[in-house]
Structures are given as structure tokens and as C-alpha cells.
Amino acid sequence: MLIPLLKLIGILAGLAIVVGVVVGLVLLVIALVNMAWVTVMQWRDLVSFDRWTEVLVTIGRSKLRTALTTISVAWGIFVLVFLLGLGNGLDNGMRHEFARDATNGVWVQANKTSVAHDGYDVGRRITFDNRDFDRAQKIAGIDHISGQYFIRGNRYGGMMTKRGGKANSFEIDAVHPDAIYLATHTIVAGRFLTASDIMQRRKSVVVGQPVVQFLFGPGEDPIGEWIEVAGVPFQIVGVFTDPGGAEQERKMYIPVTTAQLAFNGADRLGMLEFTVGDAGPAETQLIIDQVVGQLAERHQFDSTDRQAVRVHNNVEQFQRFKMMFWMISIFVMVIGFGTLAAGVVGVSNIMMIAVKERTKEIGVRKALGATPRSIVFMIIQEAVFLTGISGLLGLSAGVLALEITNWLATTDFIRDPSIDLRVGVGAALFLVAAGALAGFFPARSAAKVNPIHALRDQ
Amino acid sequence: MLRLSKVNKYYRVGTHSLHVLRDIDVEVADGEFVAIMGASGSGKSTLLNILGILDEYDSGEYWLGDTLIRSLSESRAAHYRNRFIGFVFQSFNLLPFKTALENVALPLYYQGVTRRKRNQIAGQYLERVGLRDWADHLPSEMSGGQKQRVAIARALIGKPRLILADEPTGALDSETSKQIMDLLSEIHQTGITVLVVTHDSEVAARTQRTIRLRDGKVMTAHELAVSASHPGMAAAT
């Protein structure tokens with residue numbers, strides 16, 4: 001109920017943005033064409049020191065007004081940049097959170113039933129086995145799949161691991177080779193588990209970087225070395241790192257078949273985990289239904305019993321987060337551009353007042369031979385200059401504020417808040433166009449100043 | 001120099017139409033020094049605006065040199081004002097935030113002359129009106145007479161063929177007025193056509209010829225004779 005509503009709001013907001021962008025683009029093109037034309041006609045003026053002196057002198061004449069204009073536009077740009085950057089930070093934070101595991105991963109863990117089924121009472125513990133893994137492997141849409149056997153005692157604090165005189169506890173996962181696709185580790189030395197490790201029940205172990213750092217001295221090559229895990233010797237075949245950081249790296253992987261043999265597991269499995277390629281939320285749900293359906297059939301539990309197996313679906317979670325962040329970024333855009341638009345309208349207003357105040361001056365200039373075009377250009381140039389300078393101020397302040405936020409932020413929710421170069425350049429171009437637009441109407445009314453009225457004696 | 005024939009001008013005030021200039025025929029030869037006189041409301045300011053290409057007229061013809069001045073684009077009008085006409089106003093109309101030198105140089109800015117050259121030429125013209133030492137002063141630091149000299153230098157800098165002065169002495173005391181009129185006479189002697197709008201007969205007396213306006217019409221020699229012999233009647237009409 002909530003999701004379709006959110007979608008509707010999203011679509012409406014999207015439409016509004018599209019319309020706004022199109023209108024904005026058209027105005028921008030008009031302004032730019034106009035600017036380009038004027039520039040071509042008066043290219044000399046644009047680079048002319050004289051022209052800039054004129055602009056600077058006029059702007060310097062009304063310091064309070066200039067200051068107020070500057071602040072209004074700078075504030076708009078500041079808010080836009082800061083909010084966009086913060087939005088990016090939130091987005092980065094979310095992606096980082098998900099980076100510890102595959103975003104298209106699904107975990108199905110055996111648990112206790114909560115619904116009576118087929119004559120069985122509630123509260124019965126479900127356990128998977130190797131045949132469940134074999135059957136699930138054949139389901140279409142699953143591209144990587146692994147089973148996991150939970151070694152007793154491992155869940156709390158890990159297993160005692162020794163080498164030479166050093167000993168420590170590390171979590172140990174007994175899995176199939178495809179588990180690496182779910183954990184999204186990067187192998188930095190050697191290899192991950194392979195099919196032959198599984199087949200031959202080899203005592204291979206793949207360890208995280210911190211494990212190596214703890215058990216080995218600097219410069220020692222861990223590959224091929226033997227370590228003791230819960231009293232059983234294992235040979236290190238690979239070392240991995242994880243983008244999720246050290247917390248995700250303080251663990252080891254051994255073949256699930258070896259673990260079943262060595263740690264009294266028979267053919268039991270505690271969890272099935274798989275990735276679904278680039279399936280959407282709906283397709284993913286279908287795949288999950290098939291997996292759970294097969295399990296329910298073999299282990300006699302109600303397939304609608306949400307307690308019998310616990311499903312963790314990253315596809316749906318990720319989608320939900322993406323949606324949320326998309327809405328946040330739209331919200332930010334609307335607020336930012338709104339504030340900016342208010343600033344631009346403010347500039348336009350202030351220029352309008354300035355033109356009114358300068359009626360006499362403009363009249364004199366016209367009597368002395370100023371063409372309407374040169375008057376228009378003078379006012380637009382002032383507006384572009386004002387918005388440009390204040391935009392630059394706001395941009396710098398926004399970037400600075402983001403840097404400070406990055407420095408102060410200790411939470412995982414915000415990571416590396418920043419705006420990319422394209423947004424910065426885009427904002428700068430937008431400002432120039434907005435300045436031209438802000439100057440356009442006042443400039444037109446300035447060009448219409450009638451010298452006779454302007455020069456009439458006070 | 002300039003010729004007006006059957007020029008008419010109307011102002012629309014609400015639903016009424018005010019006929020301010022009626023069939024004006026005026027001819028001014030090259031290098032003439034002419035005064036335009038008339039009571040307020042006689043249409044002399046309107047005439048000056050038309051002569052200065054600041055305003056349009058409704059019918060007739062206005063020739064400035066060999067050019068017919070009629071329904072020009074604003075840019076064309078600006079160009080002619082810049083090249084052919086120098087303005088001198090009663091209230092000087094100097095830009096208050098620019099120095100005397102910059103004010104004088106302004107018309108050259110709109111001719112695209114470089115800043116250096118502009119300021120150099122402006123210096124020469126300030127010298128000519130005797131204000132070389134005041135080049136860096138703002139108008140607010142100058143007396144009325146000095147301001148008007150700056151304005152005259154500004155009117156001359158574009159090398160115009162015609163100087164239009166609208167009550168140039170209206171805001172000045174009689175001694176200063178005399179000096180300004182001396183300056184305008186000097187300018188006239190260099191061959192430039194000078195037109196002065198005034199209601200001061202002493203000012204008009206310094207010119208070669210006076211054109212009198214009454215009720216939007218140029219007064220004929222006969223009308224002038226009548227009003228001269230019956231001054232009371234002229235005042236009444």
C-alpha cells in the first residue's frame with residue numbers, strides 16, 4: 001500500500017522535474033543565444049577592461065544592495081551544494097553498508113516452525129542437508145549458490161585458531177566455492193575454495209588479511225602454511241580482503257564437506273545462500289518461493305510459515321533504499337533549486353530597483369549616444385557578474401561545509417559527502433544563465449527609458 | 001544644416017489629443033547661432049527634443065544635413081546623436097559618480113575609442129573650457145558654472161555639427177551666465193551650429209537670430225511686429 005503511493009509521488013515529482021528542466025532548458029537556450037548574439041556583436045566589450053571598470057564602479061556605488069544580492073544568491077547556491085553533497089554522502093553511506101555483501105544476495109536460514117503442519121507441532125527445529133543444496137542448484141535464475149554448515153560453538157566468538165605460539169579466535173564459515181560471490185571478497189593471494197576442495201574434503205582454508213597479520217610475521221608468505229583450527233590442521237590456500245573493512249575480514253572459510261566430516265556435521269546444512277543475477281524484486285521473490293517451496297516439501301513445514309526458514313532478501317532491501325535515496329535527492333533538488341530561484345528573482349528585483357534609480361543616468365547615456373543594446377548589455381553584465389561572484393562564494397562555502405561535515409561525521413550513514421565536478425560546472429553555467437535571465441527584464445526596462453522624461457528638470 | 005518643413009506633433013492625453021507643434025517650418029544654415037524663445041507651453045522643449053532626435057514627430061520632414069530624420073531605429077538615432085549632436089542641459093546632467101574627465105570622455109566611450117585615447121582627448125577639451133586642473137574632481141565638488149563648462153566640453157568632444165543647449169544659463173547667476181554665453185559664442189566662431197532654447201531675452205540677444213514660438217507655431221514677422229507694438233496683448237495670448 002505504501003510502496004505504490006511512494007511510487008506515485010515519485011512519478012509526479014519526476015514529471016514536475018522533467019517539465020521544470022525542459023522549461024529551464026528552453027529559457028537557458030534563449031538566454032544563451034541572446035547572450036551569444038550580443039557577445040558576437042560586442043565581443044570587444046566583453047573583454048574590454050573599460051566595460052568591466054564600468055560594471056565594477058556601478059556595483060561599488062551601492063554597497064548595501066550589492067551585499068544583499070550577493071548573500072541571497074550565495075545562500076541559494078550554498079544550500080543547493082550542501083544538500084546535494086549531503087545526499088551524495090547518504091548515498092555513499094548506503095552503498096558502503098551494502099558493499100559488505102552482494103546487493104543481489106538472498107540468505108535462507110533454517111529455524112523453528114511456528115505453524116503446525118502435517119501432524120507436526122509448532123517449535124520443531126528445521127535442518128537442511130546436502131540434497132537441499134543439490135535441488136536448489138537446479139532452480140533457474142540462481143547464478144551462484146552455496147550452502148553453509150554452522151559448526152557448533154562457532155557463532156559466539158569464533159573458533160580457536162593457532163599457529164606456533166600464537167592463538168586467537170576467528171569466525172569460521174563452512175561453505176561452497178560460490179560463497180565468495182555473496183560475501184564479495186577480493187582474493188589478494190592464492191585462491192578461494194574450489195570444487196575439488198569440496199569433492200576431496202580437503203583441509204583448505206582461506207583467511208582474511210587480519211588473520212594473516214595476527215598469525216604471521218611481516219614478510220612471511222602464508223600460502224601453503226598449516227594452521228590449527230579447533231584442533232584440526234588446515235592448509236592456507238588464499239587470503240582475501242573486503243571493501244566492508246576489517247570487521248568483514250576477521251574470518252576464515254573452509255570447505256563445507258570438510259567441516260561436516262571434521263566437526264560432526266553428517267550432511268547437515270544450516271543455511272542456503274544464493275545470488276539472483278540482475279533479477280528484479282518480483283523475479284527474486286519467485287525464485288525465493290521456489291527455494292522455500294522445495295524445502296517445505298522435503299522437511300514438511302508450511303511454506304507460508306515465516307519462522308520455519310528465515311529469508312534475508314538484499315534485492316528488496318537494496319531496492320527500497322535506492323527508492324528512498326532517490327526521493328531524498330529529488331527533495332533536495334527541489335529545495336535547492338527553489339532557494340536558488342528565489343535568489344535569482346531577488347537579483348532581478350534588485351536590478352529592477354537599480355534601473356529605476358538610475359533612470360536619469362541611463363537617459364544621459366542615451367542622449368550621449370548609448371544604443372539600447374549597449375544599455376541592455378551593461379545591465380545584464382552587471383547581473384551576471386553579481387550572480388557569478390556570489391555563486392562562486394556560495395559554491396566555495398558549500399564545498400567547505402561538506403569538507404567540515406566529512407571531517408566531523410563519525411557515523412556510517414554519511415560517507416564522503418561531496419559534489420562531483422560536473423555538478424559544480426553545471427551549477428556555474430546555470431548561474432551565468434540565471435544571472436543573464438535575472439538581468440534581462442531590468443535591462444529591457446532600462447533600454448526603454450525615455451531620455452526626454454529622464455532628463456526633464458528635477 | 002537643418003531644415004524642418006510642416007512638422008506636426010501631437011501628444012495624446014487620455015482621449016484628448018494635444019496639438020503641440022503646428023506646421024513648423026524652420027531652416028538653420030551651417031554655422032548659425034540661433035535662439036529659440038517662447039513662453040512655457042509654447043512647444044519649444046518639444047521642438048528641441050525633435051531636433052535632438054530624442055523624440056519623434058507625427059508629420060512633415062526633418063532634414064539634418066543630407067539625412068532625413070524620420071522613424072529611425074533606436075540604434076540609428078543613438079548613432080546620430082553620438083556623431084552629429086552635442087547636448088547642453090539646464091541641470092548639467094553630469095554623472096555624479098564620474099570625475100570631470102570621465103564625464104567629458106563618455107561620448108567617446110560609445111564611439112569605441114580606447115580609454116587612454118579618450119582620456120587624452122577629454123583632457124584637451126577640459127583645457128579648452130579652462131578646467132584642466134579640475135579633471136579629477138567629481139561634479140559635487142564643482143560650482144554650477146564649472147559643471148556647465150564640463151557639460152559643454154562633453155558636448156563638444158564628439159565633434160558634433162550641432163550643439164543643442166536647453167536653457168544653458170537657467171540655473172546660473174548673471175555673471176556666470178555671461179561667461180557661459182561667451183563660451184558658446186566662441187564655439188560658434190569655430191564654425192559649429194549652435195541652437196539655444198531660452199526664455200531669457202538677454203541670452204537671445206547674444207545670438208544672431210531668434211525664432212519665437214507661440215502656441216506651437218513659429219511667429220511670423222507680422223505677428224512679431226504686432227506683439228512688439230502691443231506688449232500687453234502678447235502677454236495675454
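**Exercise 1. Work out the strand order of the four-strand open sheet in chain B, and find its edges.**

Step 1. Get the order. This is a predicted model, and in it the four strands of chain B line up as β2-β1-β4-β5, with antiparallel pairing. Strands here are DSSP runs of E with at least two residues, helices are H or I runs of at least four residues, and both are numbered from the N terminus. Two strands pair if DSSP finds at least two bridges between them.

Step 2. Find the edges. β2 (16-28) and β5 (67-68) of chain B each have a single partner strand, so one side of each has no neighbour in the sheet.

Step 3. See what packs on the sheet. Helix α1 (residues 44-51) of chain B touches β1, β2 and β4 (59-64) of chain B. Its direction makes about 120 degrees with that of β1(B). Contact means heavy atoms within 4.5 Å; angles run from 0 to 180 degrees between N-to-C directions, with axes fitted to C-alpha atoms, for helices over the stretch in contact.

Step 4. Check one pair. Strand β1 (residues 2-13) of chain B runs antiparallel to β2(B), and nine bridges join them. Pick B:Arg12, and you'll find B:Ser17 as its bridge partner in β2(B).

A note on the ground rules: residues are numbered from 1 along each chain as its sequence is written, while chains are lettered from A and ligands numbered from 1 in the order in which they are written. Local features need pLDDT of at least 70 and side-chain atom pairs count only at pLDDT 80 or more, while totals for chains, interfaces and linings use all residues, and side-chain values use heavy atoms, with hydrogens and water left out.

**Exercise 2. Trace the six-strand open sheet of chain B and the helices on it.**

Step 1. Read off the order: β6-β7-β8-β3-β9-β10 of chain B, with mixed pairing. The edge strands are β6 (85-88) and β10 (217-218) of chain B, each pairing on one side only.

Step 2. Look for a parallel pair. Strand β3 (residues 33-38) and strand β9 (residues 209-214) of chain B are parallel, over five bridges. Within that sheet, B:Gly38 has B:Leu213 of β9(B) as its bridge partner.

Step 3. Add the helices. Helix α5 (residues 144-156) of chain B touches β6 and β7 of chain B, and its direction makes about 170 degrees with that of β6(B). Helix α2 (residues 74-84) of chain B lies across β6 and β7 (162-166) of chain B, at about 80 degrees to β6(B).

**Exercise 3. Is B:Gln148 buried or exposed, and what does its side chain reach?**

Step 1. Place it: B:Gln148 sits in helix α5 of chain B.

Step 2. Check accessibility. B:Gln148 counts as buried because its relative accessibility is 0%. The cut-offs are under 20% relative accessible area for buried, over 50% for exposed and partly exposed in between, with a 1.4 Å probe and protein chains only.

Step 3. Look at the side chain. It reaches the backbone oxygen of B:Phe89 at 2.8 Å. Not counting residues up to four places away in sequence, B:Gln148 touches several residues, including B:Val88, B:Phe92, B:Pro168 and B:Leu172.

**Exercise 4. Describe how strand β4 of chain A pairs with β5 and β8 of chain A.**

Step 1. Sort the faces. Strand β4 (residues 159-163) of chain A has A:Met159, A:Thr161 and A:Arg163 on its covered face, with A:Met160 and A:Lys162 on the uncovered one.

Step 2. Take the hairpin. β4(A) pairs with strand β5 (residues 166-175) of chain A in the antiparallel sense over five bridges. Two residues lie between these hairpin strands, and A:Gly164 in the turn has a positive phi of about 60 degrees.

Step 3. Take the other partner. Strand β8 (residues 226-229) of chain A runs antiparallel to β4(A), joined by two bridges.

Step 4. Follow A:Lys162. Its bridge partner in β5(A) is A:Ala167, and in β8(A) it is A:Glu228.

**Exercise 5. At what angle do helices α14 and α15 of chain A cross?**

Step 1. Get the geometry. The axes of α14 (residues 372-408) and α15 (residues 421-447) of chain A come within 7 Å and cross at roughly 145 degrees.

Step 2. Sort the contact residues: 16 are nonpolar, four polar and none charged. Here Ala, Val, Leu, Ile, Met, Phe, Trp, Tyr, Cys and Pro count as nonpolar, Asp, Glu, Lys and Arg as charged, and the others, Gly among them, as polar.

How values were computed
A polar contact is a pair of N or O atoms within 3.5 Å; within protein, one must be able to donate a hydrogen and the other to accept it, and residues adjacent in sequence count only if both atoms are side-chain atoms.
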